[in-house]
Amino acid sequence: MRLYLDVDGTLLRRSGHARLRGDLAPADHLPEFLEWATSHFDCVWLTSRDRDGGAAAIRAAFRQAIGPGDEADRVDRLLARVAPSNWHRCKADAIDFAAPFLWLDDAPEEDSLDLLERHAATDRWVPVAVDRNPGDLRRVMEMLERRRAGWAAPVVQG
Ligand SMILES: [Mg+2]
(Lines give C-alpha, C1' and ligand atoms only; values in the text may rest on other atoms or scores of the structure.)
Protein backbone atom coordinates (compact mmCIF):
# COMPACT_ATOMS: atom_id res chain seq x y z
CA MET A 1 0.00 0.00 0.00
CA ARG A 2 1.32 3.40 -0.99
CA LEU A 3 1.11 6.30 1.45
CA TYR A 4 1.41 9.79 -0.04
CA LEU A 5 2.58 12.40 2.46
CA ASP A 6 2.09 16.13 2.55
CA VAL A 7 4.45 18.21 4.71
CA ASP A 8 3.03 21.60 5.77
CA GLY A 9 0.06 21.28 8.10
CA THR A 10 0.44 17.47 7.98
CA LEU A 11 3.87 16.64 9.43
CA LEU A 12 5.05 20.16 10.24
CA ARG A 13 2.75 22.64 11.92
CA ARG A 14 2.58 26.39 11.62
CA SER A 15 3.10 26.96 15.30
CA GLY A 16 1.53 29.51 17.66
CA HIS A 17 3.22 32.92 17.58
CA ALA A 18 6.00 31.56 15.34
CA ARG A 19 3.28 31.57 12.69
CA LEU A 20 3.81 35.30 12.27
CA ARG A 21 7.38 34.64 11.18
CA GLY A 22 6.32 31.81 8.89
CA ASP A 23 8.15 29.34 11.12
CA LEU A 24 7.26 25.69 11.40
CA ALA A 25 7.44 23.21 14.27
CA PRO A 26 7.41 19.43 14.08
CA ALA A 27 4.04 17.83 14.83
CA ASP A 28 3.95 15.82 18.06
CA HIS A 29 5.00 12.15 17.68
CA LEU A 30 6.76 12.94 14.36
CA PRO A 31 9.70 10.47 14.63
CA GLU A 32 7.39 7.73 15.88
CA PHE A 33 4.96 8.40 13.05
CA LEU A 34 7.68 8.34 10.35
CA GLU A 35 9.16 5.16 11.79
CA TRP A 36 5.72 3.51 11.73
CA ALA A 37 4.67 4.85 8.31
CA THR A 38 7.90 3.92 6.52
CA SER A 39 7.83 0.43 8.07
CA HIS A 40 4.30 -0.40 6.92
CA PHE A 41 3.78 1.58 3.69
CA ASP A 42 5.64 2.61 0.55
CA CYS A 43 5.78 6.30 1.39
CA VAL A 44 5.90 8.97 -1.32
CA TRP A 45 6.15 12.77 -0.92
CA LEU A 46 3.28 14.87 -2.18
CA THR A 47 4.16 18.44 -1.27
CA SER A 48 4.73 21.68 -3.15
CA ARG A 49 8.14 21.94 -1.41
CA ASP A 50 9.60 19.42 -3.86
CA ARG A 51 7.65 18.51 -6.98
CA ASP A 52 10.47 17.73 -9.41
CA GLY A 53 11.70 14.40 -8.15
CA GLY A 54 13.88 15.70 -5.34
CA ALA A 55 13.64 15.99 -1.57
CA ALA A 56 16.32 18.52 -0.61
CA ALA A 57 13.84 21.31 0.19
CA ILE A 58 11.69 18.91 2.22
CA ARG A 59 14.61 17.71 4.30
CA ALA A 60 15.82 21.28 4.84
CA ALA A 61 12.36 22.29 6.11
CA PHE A 62 12.36 19.51 8.71
CA ARG A 63 15.90 20.39 9.83
CA GLN A 64 14.90 24.01 10.24
CA ALA A 65 11.71 23.14 12.13
CA ILE A 66 13.38 20.69 14.50
CA GLY A 67 16.66 22.55 15.03
CA PRO A 68 20.11 21.00 15.30
CA GLY A 69 20.59 17.84 17.32
CA ASP A 70 20.04 14.11 17.53
CA GLU A 71 16.32 14.27 16.79
CA ALA A 72 16.93 16.15 13.53
CA ASP A 73 19.43 13.47 12.49
CA ARG A 74 17.03 10.68 13.40
CA VAL A 75 14.17 12.30 11.49
CA ASP A 76 16.42 12.94 8.48
CA ARG A 77 17.28 9.24 8.29
CA LEU A 78 13.56 8.45 8.30
CA LEU A 79 12.80 11.08 5.64
CA ALA A 80 15.31 9.36 3.37
CA ARG A 81 12.97 6.35 3.27
CA VAL A 82 10.25 8.42 1.55
CA ALA A 83 10.34 8.46 -2.26
CA PRO A 84 10.18 11.77 -4.14
CA SER A 85 7.51 12.55 -6.74
CA ASN A 86 6.94 14.63 -9.87
CA TRP A 87 3.89 16.78 -10.47
CA HIS A 88 3.11 20.13 -12.04
CA ARG A 89 -0.58 20.99 -12.27
CA CYS A 90 -1.78 19.53 -8.98
CA LYS A 91 -0.51 17.08 -6.37
CA ALA A 92 -2.86 14.26 -7.32
CA ASP A 93 -1.26 14.15 -10.80
CA ALA A 94 1.57 12.21 -9.12
CA ILE A 95 -0.76 9.55 -7.72
CA ASP A 96 -0.69 6.14 -9.37
CA PHE A 97 -4.39 5.31 -9.35
CA ALA A 98 -3.71 1.75 -10.53
CA ALA A 99 -2.11 0.91 -7.16
CA PRO A 100 -3.83 1.00 -3.75
CA PHE A 101 -2.99 4.13 -1.79
CA LEU A 102 -3.85 6.53 0.99
CA TRP A 103 -3.00 10.23 1.00
CA LEU A 104 -2.36 12.27 4.14
CA ASP A 105 -2.92 15.99 3.62
CA ASP A 106 -4.41 18.88 5.59
CA ALA A 107 -5.87 20.69 2.59
CA PRO A 108 -5.70 19.21 -0.93
CA GLU A 109 -6.28 21.66 -3.80
CA GLU A 110 -9.59 21.65 -5.68
CA ASP A 111 -7.96 20.15 -8.78
CA SER A 112 -6.60 17.27 -6.74
CA LEU A 113 -9.97 16.61 -5.12
CA ASP A 114 -11.60 16.64 -8.58
CA LEU A 115 -9.07 14.09 -9.79
CA LEU A 116 -9.73 11.83 -6.79
CA GLU A 117 -13.43 12.07 -7.50
CA ARG A 118 -12.97 11.15 -11.16
CA HIS A 119 -11.12 8.01 -10.02
CA ALA A 120 -13.77 7.25 -7.35
CA ALA A 121 -10.99 7.59 -4.79
CA THR A 122 -12.24 10.42 -2.58
CA ASP A 123 -12.14 8.14 0.47
CA ARG A 124 -8.39 7.63 -0.05
CA TRP A 125 -7.70 11.14 1.28
CA VAL A 126 -7.02 11.06 5.02
CA PRO A 127 -7.37 14.58 6.48
CA VAL A 128 -4.70 15.53 9.03
CA ALA A 129 -4.81 18.78 10.97
CA VAL A 130 -1.71 19.27 13.10
CA ASP A 131 -2.07 23.06 12.96
CA ARG A 132 -5.24 22.81 15.02
CA ASN A 133 -4.27 19.68 16.93
CA PRO A 134 -0.50 19.21 17.38
CA GLY A 135 -1.05 15.58 18.44
CA ASP A 136 -3.15 14.64 15.41
CA LEU A 137 -0.56 12.20 14.01
CA ARG A 138 -1.25 9.88 16.92
CA ARG A 139 -4.96 9.76 16.00
CA VAL A 140 -4.12 9.12 12.33
CA MET A 141 -1.65 6.38 13.24
CA GLU A 142 -4.19 4.59 15.42
CA MET A 143 -6.90 4.90 12.80
CA LEU A 144 -4.70 3.59 9.97
CA GLU A 145 -3.42 0.81 12.20
CA ARG A 146 -7.01 -0.36 12.64
CA ARG A 147 -7.58 -0.20 8.86
CA ARG A 148 -4.32 -2.05 8.28
CA ALA A 149 -5.41 -4.81 10.65
CA GLY A 150 -8.57 -5.13 8.54
CA TRP A 151 -6.57 -5.55 5.31
CA ALA A 152 -4.20 -8.04 6.89
CA ALA A 153 -6.93 -10.30 8.24
CA PRO A 154 -9.80 -10.64 5.76
CA VAL A 155 -12.97 -12.17 7.14
CA VAL A 156 -13.06 -15.89 6.34
CA GLN A 157 -16.51 -17.09 5.35
CA GLY A 158 -17.84 -20.16 7.25
MG1 LIG B 1 -0.46 21.02 3.55
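Start by selecting His29 in this predicted model. You'll find His29 in the loop between strand S3 (24–26) and H1. Check its backbone: phi is positive, about 65°, even though His29 isn't a glycine. Most residues other than glycine have a negative phi. Is His29 buried, exposed or partly exposed? It has 19 other C-beta atoms within 10 Å, and a residue needs 20 or more to be buried, so His29 counts as partly exposed.

Now jump to Ala120 for another positive phi, this one about 50°, again on a residue that is not a glycine. Ala120 belongs to the loop between helix H4 (110–118) and strand S6 (125–127). Ala120 has 9 C-beta neighbours inside 10 Å, so it counts as exposed.

While you're in this part of the chain, pick Phe97 in the loop between H3 and S5. Skip the residues up to four places away in sequence, and Phe97 touches His119 and Ala121. With 14 other C-beta atoms within 10 Å, Phe97 is partly exposed. If you like a distance check, draw one from the C-alpha of Phe97 to that of Ser112: the two residues are 15 apart along the chain and the atoms are separated by 12 Å.

Next, click on Trp125, which sits in strand S6. Which residues does Trp125 contact once neighbours within four places in sequence are left aside? They are Trp103, Asp105, Pro108 and Leu116. Trp125 has 18 other C-beta atoms within 10 Å, so it is partly exposed. For another distance, try Trp125 to Glu145: 20 residues along the chain, with 16 Å between the C-alpha atoms.

Time to go inside. Show the largest nonpolar core, a set of 30 residues, and colour Leu5, Leu12, Leu30, Phe62 and Val75, which have the most contacts within it. Where does this core draw its residues from? Strands S1 (2–5), S4 (42–45) and S5 (101–105) each supply at least two, and so does each of helices H1 (30–40), H2 (56–66), H3 (70–79) and H5 (136–152). In soluble globular proteins, nonpolar side chains tend to be buried together.

Zoom in on Leu5. Not counting neighbours within four places in sequence, Leu5 is in contact with Thr10, Leu11, Cys43, Trp45, Leu46, Val82 and Leu104.

Then display H1 and H3 as a pair. Their axes are 10 Å apart and the packing angle is about 20°. The cut-off for roughly parallel is under 35 degrees, so H1 and H3 fall in that class. Their crossing is left-handed. To see the contact, select Leu30, Pro31, Leu34, Glu35 and Thr38 on H1, together with Glu71, Arg74, Val75 and Leu78 on H3. By class, the H1 and H3 contact has five nonpolar, one polar and three charged residues.

Finally, keep H3 and swap H1 for H2. The axes of H2 and H3 come within 9 Å and cross at roughly 160°. That angle is over 145, so H2 is roughly antiparallel to H3. The crossing of H2 and H3 is right-handed. On H2, light up Ile58, Arg59, Phe62, Arg63 and Ile66; on H3, add Glu71, Ala72, Val75, Asp76 and Leu79. Colour the H2 and H3 contact by class and you get six nonpolar, no polar and four charged residues.

Note on methods. Residues numbered from 1 in each chain as written. Predicted model: local features only at pLDDT ≥ 70, side-chain atom pairs only at ≥ 80, totals over all residues. Core = buried A, V, L, I, M, F, W, Y, C linked by C-beta atoms within 7 Å. Buried ≥ 20, exposed ≤ 12 C-beta atoms within 10 Å, placed from the backbone. Helix = DSSP H or I, 4+ residues; strand = E, 2+ residues; numbered from the N terminus. Contact = placed C-beta atoms within 7 Å. Axes fitted to C-alpha atoms, helices over the stretch in contact; angles between N-to-C directions. Parallel < 35°, antiparallel > 145°, perpendicular 65-115°, else oblique. Left-handed = near helix turned anticlockwise from the far one by under 90°. Nonpolar A, V, L, I, M, F, W, Y, C, P; charged D, E, K, R; others polar.
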